[in-house]
Amino acid sequence: MKPAARRPLLLCALAAAAALSFLLVAPPPPLAAHLSSLLLAFPASPYAGRPKLLFLLAGQSNMAGRGLAPYPLSAPFRPHPRVLRLAASMRWVVAAPPLHADIDTHKACGLGPAMPFAHRLLQEAGSGESSLVLGLVPSAVGGTRIWMWAKGEPLYEAAVARARAALGAGGGTLGAVLWFQGESDTIELDDATAYGGRMERLVNDLRADLGIPDLLVIQVGLASGEGNYTDIVREAQKNIKLPNVILVDAIGLPLRDDQLHLSTEAQLRLGDMLGQAYLKFNSSTDSRQ
């Protein structure tokens with residue numbers, strides 16, 4: 001398709017986004033073309049005021065999503081009326097990729113693991129749980145180190161504020177934090193060796209500030225790194241000594257040509273893996289009660 005032919009469609013998408021009251025930062029042209037049609041097809045959801053099962057999405061670029069959008073967009077990445085996202089304006093809108101377009105605004109966002117994760121949960125719920133509404137709370141920002149997520153830092157405070165807003169906007173429960181971060185902490189040895197302690201402090205601070213002492217945190221084991229200390233960070237991730245912190249390992253998932261960001265196929269598989277981990281954790285918790 002020629003660029004001139006895309007322009008009217010993209011303008012329509014921007015108009016639809018404005019009606020949904022959140023800022024759309026235009027992604028690369030192939031993704032923009034798919035996104036525009038998705039926004040027009042799902043302008044609103046009757047479920048916005050319903051209680052939701054919430055998930056805080058935090059970390060850096062592989063959580064925000066850098067996967068390229070195929071054509072047509074595969075079903076696990078497509079919008080669903082019962083999958084919502086909390087926009088930067090703190091209003092609920094139908095979730096459509098890129099989920100972090102108005103959060104991680106300095107880079108072109110693409111496909112991440114959250115939509116396949118949500119679809120996996122809806123699939124498990126089936127028609128018998130038609131009341132299940134999922135609320136995704138994007139908060140990830142590319143290129144960030146874990147010290148930038150410490151309590152008192154802007155990223156941490158913004159994530160906590162967004163989680164609180166999500167809990168207050170229609171109510172619901174926070175099911176888990178989905179955390180995919182650490183690639184930038186592989187550059188410097190000091191950052192890599194400090195990763196485990198910083199991660200444990202982050203988890204404890206989130207639980208205290210959100211008032212959920214047993215909050216589930218699902219962290220993704222690194223599939224890549226920016227520096228030479230990836231193994232040190234991965235080892236720290238595996239040895240977090242806190243309850244209700246589980247690891248979903250992304251090692252071996254296919255990467256894009258930059259050998260840093262997960263491919264679209266990898267994000268699809270990771271989302272399903274995260275969904276399975278969440279469901280397994282809840283199943284084991286229910287069996288103990």
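This passage walks through the overall build of a predicted model, its aromatic pairs, one helix packing and a few backbone details.

The protein chain contains eight helices and seven strands. Of its 289 residues, 52% are buried. Contacts that span long stretches of sequence are well represented: taking those between residues at least 6 apart in sequence, 78% join residues at least 24 apart. The chain exposes about 12,400 Å², and carbon and sulfur atoms supply 56% of that area.

A good place to start looking is the aromatic side chains, where a search of the whole structure finds four aromatic pairs. One of them joins F55 and F117 in an edge-to-face arrangement, with 4.8 Å from centre to centre and 85° between the planes. Since F55 belongs to strand 1 (residues 52-59) and F117 to helix 4 (residues 114-125), this pair ties together parts that are 62 residues apart in sequence. Both F55 and F117 are buried. F55 also pairs with Y278, again edge-to-face, at 5.1 Å centre to centre and with 85° between the planes. Here the partner of strand 1 is helix 8 (residues 264-288), which holds Y278, so the pair ties together parts that are 223 residues apart in sequence. Y278 is buried, as is F55. Through these ring pairs, F55, F117 and Y278 are linked into a cluster.

Attention now turns to a pair of helices. Two packed helices are described by the angle between their axes and the distance between the axes. For helix 6 (residues 189-210) and helix 7 (residues 230-238), the angle is about 10° and the axes are 7 Å apart. Helix 6 and helix 7 therefore count as roughly parallel to each other. On the helix 6 side, the contact is made by L189, A192, T193, Y195 and G196, while helix 7 contributes I232, V233, A236 and Q237. Sorted by class, this contact between helix 6 and helix 7 has six nonpolar residues, three polar residues and no charged residues.

V217 gives a view of the surroundings of a single residue. V217 sits in strand 6 (residues 217-221). Its relative accessibility is 2%, so V217 counts as buried. Apart from neighbours within four places in sequence, V217 is in contact with V177, W179, M199, V203, N244, V245 and I246. For one of these partners, W179, the C-alpha atom lies 7.1 Å from that of V217, although the two residues are 38 apart along the chain.

The backbone holds some details worth a look on screen. Most residues other than glycine have a negative phi, and most peptide bonds are trans. Against that background, the peptide bond from Y71 to P72 is cis, with omega near -5°. P72 lies in the loop between helix 3 (61-64) and strand 2 (83-86). P97 and P98 are likewise joined by a cis peptide bond, whose omega is about 0°. The loop that holds P98 runs between strand 3 (92-94) and helix 4.

Positive phi values occur at N244 and Q259. N244, a residue other than glycine, has a phi near 60° and is found in the loop between helix 7 and strand 7 (245-249). With 24% relative accessibility, N244 counts as partly exposed. Q259, also not a glycine, has a positive phi of about 60°, and its place is in the loop between strand 7 and helix 8. The relative accessible area of Q259 is 51%, so Q259 is exposed.

Technical notes:
Residues are numbered from 1 along each chain as its sequence is written. This is a predicted model: local features need pLDDT of at least 70, side-chain atom pairs count only at pLDDT 80 or more; totals for chains, interfaces and linings use all residues. Side-chain values use heavy atoms; hydrogens and water are left out. Rings of Phe, Tyr and Trp (its six-membered ring) pair if their centres lie within 6.5 Å; planes under 30 degrees apart count as stacked, over 60 as edge-to-face and the rest as tilted. Helices (H or I, at least four residues) and strands (E, at least two) are DSSP runs, numbered from the N terminus. Buried means under 20% relative accessible area, exposed over 50%, partly exposed in between (1.4 Å probe, protein chains only). Axes are lines fitted to C-alpha atoms, for helices over the stretch in contact, and angles run from 0 to 180 degrees between N-to-C directions. Angles under 35 degrees count as roughly parallel, over 145 as roughly antiparallel, 65 to 115 as roughly perpendicular and the rest as oblique. Contact means heavy atoms within 4.5 Å. Ala, Val, Leu, Ile, Met, Phe, Trp, Tyr, Cys and Pro count as nonpolar, Asp, Glu, Lys and Arg as charged, and the others, Gly among them, as polar. Accessible areas come from the Shrake-Rupley method with a 1.4 Å probe; for residues, only the protein chains shown count as cover.
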